[in-house]
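Work through the exercises below with the sequence and the model side by side, and try each task before reading its solution.

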Amino acid sequence: MDSRENVAICPSSSFDYSKAFDQVWRQKLLLSLADKGIPLEYVRWLNCFLSNRQARVRFADATSKMRLMKQGLPQGSVLSPLLFILFINNLAELLPPNALVAMFADDVTLLATHVDKREAEKEVQTLVDIVALWSKQWKLTLNAGKCEACFFSMDPKEANWSPSIIIDGRTIKHEPTPRLLGVTLDRTLCFATHTANVTKSAASKLKILAKLAYTDWGGNKFELFRIYQAIVKSKLDYAAPAWQPWLSDTQFNKLEVVQNRALRLITGQTKSTRVTASKPTLKATKHSAIGTS
């Protein structure tokens, strides 16, 4: 048996559409809605909603002329994200059922797995060709300069290899640490880079907590704990099920360091105070606050 059969070789590609909402082909959108079985009275209403929309630009005291927006979806409308999802769903229906695809609004990510990296690369290229052709037919512009190819493998021998994915005759760049919906990935999926990013971001928010915890006029411990959950813990735990279970003890301890610093600020303890001494104080304060409310 090949020793590499237990190694996951996963080239993937992420796409970037230039001004995706502004380039939606309205007529094609309405036709696809009718084909999907949307009642025609709704389709006619949406046609009126999208038609004859005008816009102008205001800068200081100057205002431009009105300009008719012939295509695209209106920015800021609550309907626009839903309509765009229905629009790009036509692409999802073209991709093979067994394809690994992650789509969220105008973010499209394709993934292929194989014990042979070249075979996985071919599978991704096939999917990319489908996306590129559909984008041309539906008049969406793929920004090849911002599209990314990445590679995941536990084999250290593959560390310097990068997939060659082509869009319109142009090889898209290889990104060793791509971001997928706010989570930074890496080749071995150890999430060391993401951990470093979130701990740095969360630690910067501790300055706010320190100001609010001032002993003379600061908030009580229960209020500070709620602020901690909102501005610090929310960053540490964003998309946590996707990456925290795979962290090593060393990486997980980095998260604990930030949380412990916050705990000392909330409870008014010094840096040398043991963490176990702060937890009972916080718990008692929380019950006290609830009991007096």
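The exercises go from the whole chain to two helices, then to strands and a surface patch.

The model is predicted, so local features are used only at pLDDT of at least 70 and side-chain atom pairs only at pLDDT 80 or more, while totals for chains, interfaces and linings use all residues. Residues are numbered from 1 along each chain as its sequence is written, and side-chain values use heavy atoms, with hydrogens and water left out.

**Exercise 1. Describe the chain as a whole.**

Solution. Begin with secondary structure, where helices (H or I, at least four residues) and strands (E, at least two) are DSSP runs numbered from the N terminus: the chain has 9 helices and 13 strands. Next take burial, where buried means under 20% relative accessible area, exposed over 50%, and partly exposed in between, with a 1.4 Å probe and protein chains only; of the 293 residues, 35% are buried. Finally consider contacts, meaning heavy atoms within 4.5 Å: among those with a separation of 6 or more, 67% link residues 24 or more positions apart.

**Exercise 2. Find the buried face of α1 and say what it packs against.**

Solution. First list the buried residues of α1, which are R26, L29, L30, S32 and L33. Seen down the helix axis they fall within an arc of 165 degrees, so they line one face of α1; the arc is that of the directions from the helix axis to the C-beta atoms. On the other side of this helix, L31 and D35 are exposed. The buried residues of α1 pack against α2, β2, β5 (67-69) and α3. Just after the helix, G37 has a positive phi of about 95 degrees.

**Exercise 3. Repeat the analysis for α2, residues 40-50.**

Solution. The buried residues here are V43, L46, F49 and L50. Because they cover an arc of only 115 degrees around the axis, they lie on the same side of α2. An α-helix has 3.6 residues a turn, so residues three or four places apart point the same way. The face turned away from the buried side carries the exposed residues R44, W45 and C48. As for partners, the buried residues of α2 pack against α1 (26-35), β2 (53-55) and α3 (79-94). N52, which follows α2, has a positive phi near 55 degrees.

**Exercise 4. Work out the pairing of β6 and of β8.**

Solution. Two strands pair if DSSP finds at least two bridges between them. Strand β6 (residues 100-104) pairs with strand β7 (residues 107-111) in the antiparallel sense over 5 bridges, and L100 has L111 as its bridge partner in β7. Their hairpin has 2 residues between the strands, and A105 takes a positive phi near 55 degrees there.

Turning to β8 (residues 148-152), 5 of its 5 residues are buried, so this strand is largely enclosed by the rest of the structure. From β8, E148, C150 and F152 point one way, whereas A149 and F151 point the other way. Strand β8 runs parallel to β11 (residues 173-174), joined by 2 bridges, and A149 has H174 as its bridge partner.

**Exercise 5. Locate a nonpolar surface patch and place L181 in it.**

Solution. F104, L180, L181 and Y238 make a nonpolar patch of about 390 Å². Of these residues, L181 lies in the loop between β12 (179-180) and β13 (183-184), and at 43% relative accessibility L181 counts as partly exposed. A patch takes residues with over 30% relative accessible area and no salt bridge, joining like charges within 9 Å and nonpolar side chains (Val, Leu, Ile, Met, Phe, Trp, Tyr) within 5 Å; a salt bridge is a side-chain nitrogen of Lys or Arg within 4 Å of a carboxyl oxygen of Asp or Glu. Accessible areas come from the Shrake-Rupley method with a 1.4 Å probe, and for residues only the protein chains shown count as cover.
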